[in-house]
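Here's a quick briefing on the empty spaces in this protein. Have the model open while you read.

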Amino acid sequence: APGPAGLSQSTGHRIFYSSSCGHCIAFAPTWRALAGDVKDWESAIRVGVLDCGEEGNYETCKEYGIHYYPTIRYFKAFTKQFTTGENYQDRELQTLRQMMIDFLQNHSQELRPPACPPLDPVLSSDLTSLFDKNSHHYTAIVFESNSSYVGREVILDLIQYENIVVRRALNFDKPFLEKLGIPSVPSCYLIQPNGSHGLISNLKPLRSFFSSYLKSLPGVRKKLLLPLQLPAPENKEESTEIKVWKEFDKSRLYMADLESGLHFLLRVELATHRALEGAELKTFKDFVTVSAKLFPGRQPVVKLLETLQEWLVSLPLDKIPYDAILDLVNNKMRISGIFLPRKVQWVGCQGSRPELRGYSCSLWKFFHTLTVQAALKPKALINTGLEGNPQIVLQVMRKYIQHFFGCKACAQHFEEMARESMDSVKSLDQAVLWLWEKHNVVNNRLAGDLTEDPKFPKVQWPTPDICPACHEEIKGLHSWNEDQVLQFLKSHYSSENILYKYTESQSDTEQGDTGEVKDQNLHKNSGGNGEKQLQDKENPADPGSKVLQKPVGNPGAVQGSGKGAAASVSLKGTRQAVSFLGIGFSNLDMSLCVILYVASSLFLMIMYFFFRMRSKRWKVKHHRSSV
């Protein structure tokens, strides 16, 4: 982890990135080139990276306030107190290198890394003394202009080499330069150990030529340095896990992709925020509301979203710590019947390499699904305050990407598209088509980009093989039949087209089994009609396997722990569950059981005494009448 603890005697230059961020992938060659270019500088300034897309790193990224990727931070040496570092925006290789030098020079003399040599220019009067004495080492002087960085770069290039000292001087003293025979700058002037000196005239005035020549001088060699002591990486089981390719049907939608995207969104991307307030909190509430009402998920997942929505509505707060939200998402209260898988399981969104596709693919699928579900169920958002707005899903997506999506450049591109034409959407069907059209615009822009997966090229979708009726030719030019496209999208992103293969159940999580779902009840939709989904029983690796499904009710109709469970969640921390015979009832469940038990006992006692008194009265009356 970056920070003062690991940078006690050297400056730090860190980039926080996400393996799911396309622009991080595009920036990777620049970063690798920079790391190799300044490798000899590491005793003065070190470079490093941290993947905020890894769940194990999100606490660190949250601590340093990293919300967008890639983020470049500088950390000063000898920092005793915690610091989040200094931001830097430019991503050009030369500018980054020069910024590292400026950052080193901004250290005070007391806090400058010990291995960092003097970077300030030497005065002409001080240079004269260097020519009048013999030395046991070479002395190289780079004459340059005030705006040049060549001299400082050469100085840092040679800090790990012995038997040579490099200094820099400015070209202010013209007569002195003429005396030394220096016609132009930058130039390199060399003083031999025996006192002889002269201009190195056969080199191009470039940093690489100067450094390479000086390193090749007789007797100049790399110092024997102690190996850099860095913390040993943890031996995580996940790092040794072999990812098995999952065969899938590209004409179907996989619940594993949607749930994995929701897991990453709630537990990784949003978890880098310490708290939500203002526009961010409003955006998150709207996102949860729309998802709870429209997401065609499994009953435990939808129930989790509904519980989260009711809890957010019940809190009259302007600021909510995200840890409290995360406690509910992770079900720290052990509320029965809610569950969200705790790991990614990409199927239709898997890439040929781990950093390709994945989360960005699933986020597109998730919002496509919501736009279609909104069109299929126009009354789903009634009484939420979001009804009657055909753009509502698009607006929620726009705000989410603006406030939370880690790829800042991607968010800017989406905002440009939204500003350009989102206001033209006047119906729920138009919202479905608008998102489809803009997704194809993005595919066209990224085709051939470094972020493109060679196994899944960016093409205009749907392709003719899965929707022949969507494609037409008018006067020899390709044209979309938007009526057919709309019909296809409504079918593709419908509940009936979702496969539950590879999804993870709650029992799988508890038993450590990441295979296919074994609990059939988890595959019932939340409509409550009692019809079971038929789970695929064939080999998961068989590309021809299918899952038979029946259309079921509205996932927005889940009943259950609701407000009672939501209201029991505290911002100050969640209470531990009461484990009863391994079932895991919550405190609320146990309290209700006790109340019902006491009420039942009182009722039975009252009924007992009532009938007993009535029986005595009957006996007395009967006895008197007989007498």
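There are 5 cavities of 30 Å³ or more in this structure, which is a predicted model. Two spaces get a closer look here: the second largest cavity, at about 50 Å³, and the second largest pocket, at about 1,300 Å³.

**The second largest cavity**

- This cavity holds about 50 Å³ of space.
- Its lining takes in Ala 256, Glu 259 and Ser 260, then Pro 341, Lys 343 and Gln 345, and finally Tyr 502, Thr 503 and Glu 504.
- Sort those lining residues by class and you get 3 nonpolar, 3 polar and 3 charged.

**The second largest pocket: size and centre**

- About 1,300 Å³ of space sits in this pocket.
- The pocket is lined by 50 residues, and the ones closest to its centre are Arg 357, Cys 361, His 439, Asn 443 and Lys 458.

**The second largest pocket: what builds the lining**

- Two or more lining residues come from each of these elements: α1 (22–37), β11 (253–254), α13 (359–376), α14 (392–403), α15 (408–421) and α16 (428–446).
- If you want one helix to look at, try α16, which gives the largest share of the lining, 7 residues.
- Domain 1 (11–111) and domain 3 (253–493) each supply at least three residues to the lining of this pocket.
- On the chemistry side, the pocket lining has 27 nonpolar, 13 polar and 10 charged residues.

How values were computed:
Residues are numbered from 1 along each chain as its sequence is written. This is a predicted model: local features need pLDDT of at least 70, side-chain atom pairs count only at pLDDT 80 or more; totals for chains, interfaces and linings use all residues. Side-chain values use heavy atoms; hydrogens and water are left out. On a 1 Å grid over the protein atoms alone, a cavity is a set of points where a 1.4 Å probe fits but cannot get out, and a pocket is an open set with protein on both sides within 12 Å along at least five of seven lines; lining residues have an atom within 4 Å of a point. Grid points are joined across faces, edges and corners, and a volume is the space filled by probe spheres set on the points. Ala, Val, Leu, Ile, Met, Phe, Trp, Tyr, Cys and Pro count as nonpolar, Asp, Glu, Lys and Arg as charged, and the others, Gly among them, as polar. Helices (H or I, at least four residues) and strands (E, at least two) are DSSP runs, numbered from the N terminus. Domain bounds come from an automatic or database domain assignment.
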